[in-house]
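Here is a friendly walk through one protein model, meant to be read with the structure open beside you. We will go from a spot on the surface to the core and then on to a few individual side chains.

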Amino acid sequence: MLSKYKDLIKSADWASVSAQTSTNLESKSALIGSDVKIKGDVISEEDIVIAGEITGIVQAKSHHIHVANTGVLNADITGNIVSIEGSVKGNIVGLENVIITSTGNVLGNIECPRLSLEDGAKFKGSIEMNPLDVTASIS
């Protein structure tokens, strides 16, 4: 299942995002670069790749949120699919799936119907995997 998202997870640079969007016109991705620092809420209506730093809230309820290996978030995250290669301190809600890769580091609670933790992933918190509660809790 993870292979479906490997292209997005493996690379979080602008060239990969541009190539992805140009080959699939219906797919849009936003990139927050490694030199960008945001304090506040980020609400996206498209897939988002975060290689920089965010303090606040990140939401893309119908889309994929990917935290690249250089991404550092002190934020609560809500997305359809959430994949973590970098560092997250905050709660994560994945409406469909949450993936923490081998380089991922999460300190916070996770709520999702499906969770993948790769060998080497770091996680401290609680996990709630009741698919009926996930959609009700964010409404």
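Leu117 sits in strand β10, which covers residues 115–117. In this predicted model, Leu117 has a relative accessible area of 44% and so counts as partly exposed, because that value falls between the 20% and 50% cut-offs. Leu117 also has nonpolar company: together with Ile127 and Met129 it forms a surface patch with about 250 Å² of accessible area.

Stepping back to the whole chain, you will find three helices and 12 strands. The protein chain has 139 residues, and 40% of them are buried. About 7,200 Å² of the chain is exposed, with carbon and sulfur atoms supplying 49% of that area. Of the contacts between residues at least 6 apart in sequence, 12% join residues at least 24 apart.

Now for the inside. In soluble globular proteins, nonpolar side chains tend to be buried together. Here the largest nonpolar core holds 21 residues, and those that touch the most other members are Val58, Leu73, Ile77, Ile84 and Ile92. Two or more residues of this core come from each of β3 (47–50), β4 (53–67), β5 (72–84) and β7 (92–100).

Ile84 is a good residue to click on. Beyond its neighbours within four places in sequence, Ile84 is in contact with nine-membered company that is easy to trace, including Val67, Ile77, Ile92, Ile99 and Ile100. Its contacts also include Thr101, Gly104, Asn105 and Val106.

Strand β7 also contains Gly94. With a relative accessible area of 0%, Gly94 is buried, because buried means under 20%. Gly94 and His64 are 30 residues apart in sequence, and their C-alpha atoms are 9.2 Å apart in space.

How many salt bridges does a search of the whole structure find? The search finds one, and it pairs Glu96 with Arg114. This pair links distant parts of the chain, with Glu96 in strand β7 and Arg114 in the loop between β9 (110–111) and β10, 18 residues apart. Glu96 counts as partly exposed at 26% relative accessibility, and Arg114 is likewise partly exposed at 30%.

Two polar contacts between side chains can be set beside that salt bridge:

| Pair | Kind | Distance |
|---|---|---|
| Glu96 and Arg114 | salt bridge | 3.2 Å (closest N and O atoms) |
| Glu85 and His66 | polar contact | 3.3 Å |
| Ser126 and Asn109 | polar contact | 2.9 Å |

Glu85 lies in the loop between β5 and β6 (87–89). Is Glu85 buried or exposed? At 12% relative accessibility, Glu85 counts as buried, because the cut-off for buried is under 20%.

Ser126 is found in another loop, the one between β11 (122–124) and β12 (127–128). Its relative accessibility is 39%, so Ser126 counts as partly exposed. Which residues does Ser126 contact, leaving aside its neighbours within four places in sequence? They are Gly108, Asn109 and Ile110. Ile110 is 16 residues from Ser126 along the chain, and the C-alpha atoms of the two are separated by 6.2 Å.

Key. Residues numbered from 1 in each chain as written. Predicted model: local features only at pLDDT ≥ 70, side-chain atom pairs only at ≥ 80, totals over all residues. Heavy atoms only, no water. Helix = DSSP H or I, 4+ residues; strand = E, 2+ residues; numbered from the N terminus. Buried < 20%, exposed > 50% of the residue type's maximum accessible area, 1.4 Å probe, protein only. Contact = heavy atoms within 4.5 Å. Polar contact = N/O pair within 3.5 Å; in protein donor to acceptor, adjacent residues only side chain to side chain. Core = buried A, V, L, I, M, F, W, Y, C linked by side-chain atoms within 4.5 Å. Areas by Shrake-Rupley, 256 points an atom, 1.4 Å probe, with all protein chains shown as cover. Patch = residues over 30% accessible without salt bridge, like charges linked within 9 Å, V, L, I, M, F, W, Y side chains within 5 Å. Salt bridge = Lys/Arg side-chain N within 4 Å of Asp/Glu carboxyl O.
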